Amino acid sequence: MGTLLEAAGVTKHFPVRLGAMGFSRATVRAVDGISFTIGAGTTLGLVGESGCGKTTTSKMILGLERPTSGAIRFDGQDVLRLDRAGRRHYRRNIQAVFQDPYASLDPRMRVGTIVAEPLVINTDLHERARRDRVAELLDLVGLPERAASLYPHEFSGGQRQRIAIARALALAPKLVVLDEPVSALDVSIRAQILNLLKDLQRRLGVSYLFIAHDLAAVAHMSHTIAVMYLGKIVEWGDAESVALHPKHPYTKALFAAALPIDVDTPRDDVPVTGEIPSPLAPPSGCRFHPRCPLAMPHCATREPAPRAESGRLVACHLY
Amino acid sequence: MSARPVVDVRDLQTHLVTRWGTIKAVDGISFSVAEGETLGLVGESGSGKSMTCLSLVRLAPRPAARTVGGRILLDGEDLLTKSEREMQRIRGKKVAMILQDPMSSLNPVFSVGMQMREPVASYHGLRGRALTERAASLLAAVHISAPLQRLRSFPHQMSGGMRQRVVGAMAIAAPPRLLIADEPTTSLDLTIQWQYLNLLKELQTQHRLAMIFVTHNLGIVAKMCDRVAVMYAGRIVEIGPVRRIFKSPAHPYTRALLASIPRLGARAEQLTAIDGQPPDLATLPPGCAFAPRCAEARERCRIEAPAETRLDETHATRCWLHAPAARSGAPQDAGGAGAAPSEARL
């Protein structure tokens with residue numbers, strides 16, 4: 001299995017104005033030099049709390065934000081240096097499914113039109129061929145063919161998410177960004193959608209970038225997991241070992257706070273104290289040190305570099 | 001549960017009058033919560049969790065919602081017979097609520113101190129310095145540092161976790177007898193959620209609060225609750241001790257729900273999904289509301305709604321699979337302990 005997408009030292013800084021008059025300026029280091037790869041046909045799970053840079057990372061991959069520095073390589077080509085045709089080719093291969101299927105589908109368009117829209121924009125298929133492709137896609141996500149003539153409001157949340165998935169797959173992309181694809185859905189529906197996504201990956205060989213708060217769902221869906229904290233990747237490696245045997249103190253805290261539905265193993269150690277610092281003024285040295293139960297004096301001054309540790313990368317002075 | 005329950009709800013029914021007819025949002029719910037005990041209320045959207053909570057404090061949205069039957073006994077007094085004036089003195093003082101979004105409980109244009117002093121003054125009759133000190137001590141109780149300075153802050157100057165802690169401080173100001181927490185941590189980050197759940201437990205132990213915890217997160221139930229009531233389409237389909245229900249769920253819905261959730265370390269390719277969609281309360285089937293999605297549904301389930309069956313003193317469910325007559329197939333065994341409804345043979 002080759003590498004489909006590679007991010008190398010990707011950084012995104014946003015300039016902001018502060019104060020009532022906006023005279024003082026500052027920089028939000030939303031994403032600060034992160035590197036990872038996504039293998040063809042595999043899923044990378046991206047986890048972390050609000051403000052850690054997950055969404056900014058996904059936007060840069062989708063081409064909605066331009067990195068301040070660093071490189072994103074897709075199929076070996078630097079995405080930021082593509083010409084017009086190359087960019088169009090790239091966009092066709094990267095699609096997205098968002099959290100809220102009530103917001104992501106136009107209420108005034110029929111489902112058939114919604115699913116066909118990427119085909120209209122990106123291909124020169126004729127009406128007839130488009131209709132066949134739409135029927136094929138609806139079948140793929142488990143909706144009846146007649147769904148094409150209905151409007152989004154006639155569907156439940158889970159079915160709407162299926163429509164959004166069908167639209168994302170219309171151009172047979174190589175990578176789909178799934179940004180919290182099940183958190184807006186009812187608990188009993190989530191398993192249906194997660195199963196569908198896994199099944200589609202097996203059948204189509206598509207790669208996923210899976211972003212979610214529900215760590216058990218991420219662990220279930222992903223081959224590798226990257227844990228972000230304040231714009232940095234603190235741990236990245238095989239999904240099972242990261243989830244079950246986390247190394248970085250933050251990963252440990254995060255997975256300890258994930259509340260297993262398990263009544264036998266009470267893990268009542270308090271994971272972390274304190275609040276998530278503002279990305280406007282991230283702590284010096286290791287960004288986690290003010291909340292870390294194992295912090296050492298030099299954690300406050302020296303930033304830890306990612307180091308290979310039992311088959312994964314960990315950015316922590318302990319290793 | 002030998003002590004008298006703080007709150008005892010019997011056969012509560014709240015209906016919503018809508019264009020599509022009358023919707024039974026809460027359809028005959030009974031439970032009780034003792035001092036120091038936490039009851040989890042779980043279910044999907046539309047299952048009636050929040051409507052149950054609002055009915056308890058008689059704040060279900062009027063004029064559409066009407067509580068048409070049942071009793072809500074708080075320390076032995078029926079809240080449904082109280083006047084609106086009396087209810088106003090009960091809300092906050094005896095029954096406090098923490099809602100999902102702290103900004104819907106806090107006023108953005110007043111400082112935290114202004115907002116905290118108001119309930120504290122009315123519960124304790126304090127004024128001036130004593131009042132400010134009491135408000136500050138409440139903030140200290142929810143682990144907000146420099147509480148006297150924080151009283152001068154406005155909600156927008158605080159993080160989500162801190163705002164929710166302020167709401168928690170106001171909730172325990174009286175302190176109340178019953179605390180209703182309606183998805184209090186849904187808007188918080190994981191590590192902050194963990195801290196807040198620990199805080200709620202601490203406050204509960206301190207004040208011996210009876211607590212109703214509404215959530216759809218079964219992990220939170222496992223951590224926080226002593227007993228759990230699983231709701232589906234306005235009814236409690238299963239109620240009992242958390243350990244008991246998580247280990248041997250009786251109702252097919254509970255079983256399916258527990259099986260459908262991904263678990264860390266469980267190496268499953270596929271999750272066991274529940275077929276179908278959550279029910280539409282306006283067009284409920286005549287029998288058991290879960291029957292259309294239930295893998296074990298029988299003829300009878302589609303015709304007749306199951307009554308509550310007690311499996312033991314603490315564990316009960318509404319499912320024909322557990323009704324005495326349905327077990328084993330022997331119609332009436334010796335002793336005839338569980339009198340099965342005899343008119344059921346249709």
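## Helix α5 of chain A

The buried residues of α5(A) pack against five elements of chain A, namely β6 (94–97), α3 (111–122), α4 (127–140), β7 (175–179) and α6. The structure described here is a predicted model. Helix α5 of chain A covers residues 157–169, and its 13 residues should span 18 Å at 1.5 Å a residue; the end C-alpha atoms are 19 Å apart, which agrees.

Of the 13 residues of α5(A), 12 are buried, so this helix is largely enclosed by the rest of the structure. Among these buried residues are Arg160(A), Arg162(A) and Arg167(A). The buried set also includes Gly158(A), Gln159(A) and Gln161(A), together with Ile163(A), Ala164(A), Ile165(A), Ala166(A), Ala168(A) and Leu169(A).

## Helix α6 of chain A

Helix α6(A) has 18 residues, and the distance from its first C-alpha to its last is 26 Å, close to the 26 Å expected at 1.5 Å a residue. Its buried residues are Ser188(A), Ile189(A), Arg190(A), Ala191(A), Gln192(A), Ile193(A), Leu194(A) and Leu197(A). Just after α6(A), Gly205(A) takes a positive phi of about 70°.

Which elements help to cover the buried residues of α6(A)? The cover includes α5, β7 and α7 of chain A, together with α10 (252–260) of chain B. The packing of α5(A) likewise involves α6 of chain A.

## Contact between chains A and B

In the contact between the two chains, 32 residues of chain A meet 37 residues of chain B. On the side of chain A that touches chain B, the elements giving two or more residues are α6 (187–204), α7 (215–221), α8 (239–244) and α9 (249–256) of chain A. The largest share, six residues, comes from α6(A).

How do the residues of the side of chain A that touches chain B divide into nonpolar, polar and charged? There are 20 nonpolar residues, eight polar residues and four charged residues.

## Chain B as a whole

Chain B contains 11 helices and 12 strands. For its 346 residues, a compact globule would have a radius of gyration near 20 Å; the value for chain B is 22 Å, which agrees. Taken along the principal axes, the C-alpha atoms of chain B fill a box of roughly 75 × 50 × 45 Å.

Buried residues make up 44% of the 346 residues in chain B. Of the contacts in chain B with a separation of 6 or more, 62% are between residues 24 or more positions apart.

## Strand β3 of chain B

Strand β3 of chain B runs over residues 38–42, and five of its five residues are buried, so the strand is largely enclosed by the rest of the structure. Both of its faces are covered. Thr38(B), Gly40(B) and Val42(B) lie on one side, with Leu39(B) and Leu41(B) on the other, and all are buried.

With which strands does β3(B) pair in the parallel sense? One partner is β8 (residues 210–215) of chain B, joined to β3(B) in the parallel sense over five bridges. In β8(B), Val214(B) is the bridge partner of Leu41(B). Another is β9 (residues 227–232) of chain B, which pairs with β3(B) in the parallel sense over four bridges. In β9(B), Arg227(B) is the bridge partner of Leu39(B).

## Backbone features in the loops of chain B

Two cis peptide bonds precede prolines in chain B. The bond from Arg62(B) to Pro63(B) is cis, with omega near 5°, and Pro63(B) is found in the loop between α1 (49–56) and β4 (65–74) of chain B. The bond from Ala174(B) to Pro175(B) is cis as well, with omega near -10°; Pro175(B) is placed in the loop between α6 (160–171) and β7 (178–182) of chain B.

Positive phi values also occur in residues other than glycine. Asp75(B) has a positive phi of about 50° and is located in the loop between β4 and β5 (77–78) of chain B. Ala233(B), in the loop between β9 and β10 (235–241) of chain B, has a positive phi near 50°. Is each of these residues buried or partly exposed? Asp75(B) is partly exposed, with 14 other C-beta atoms within 10 Å, whereas Ala233(B) counts as buried, with 23 C-beta neighbours inside 10 Å.

How values were computed. Residues numbered from 1 in each chain as written. Chains lettered and ligands numbered in written order. Predicted model: local features only at pLDDT ≥ 70, side-chain atom pairs only at ≥ 80, totals over all residues. Contact = placed C-beta atoms within 7 Å. Nonpolar A, V, L, I, M, F, W, Y, C, P; charged D, E, K, R; others polar. Buried ≥ 20, exposed ≤ 12 C-beta atoms within 10 Å, placed from the backbone. Pairing = 2+ DSSP bridges. Expected span 1.5 Å × (residues − 1). Rg over C-alpha atoms; globule rule 2.2 N^0.38 Å.
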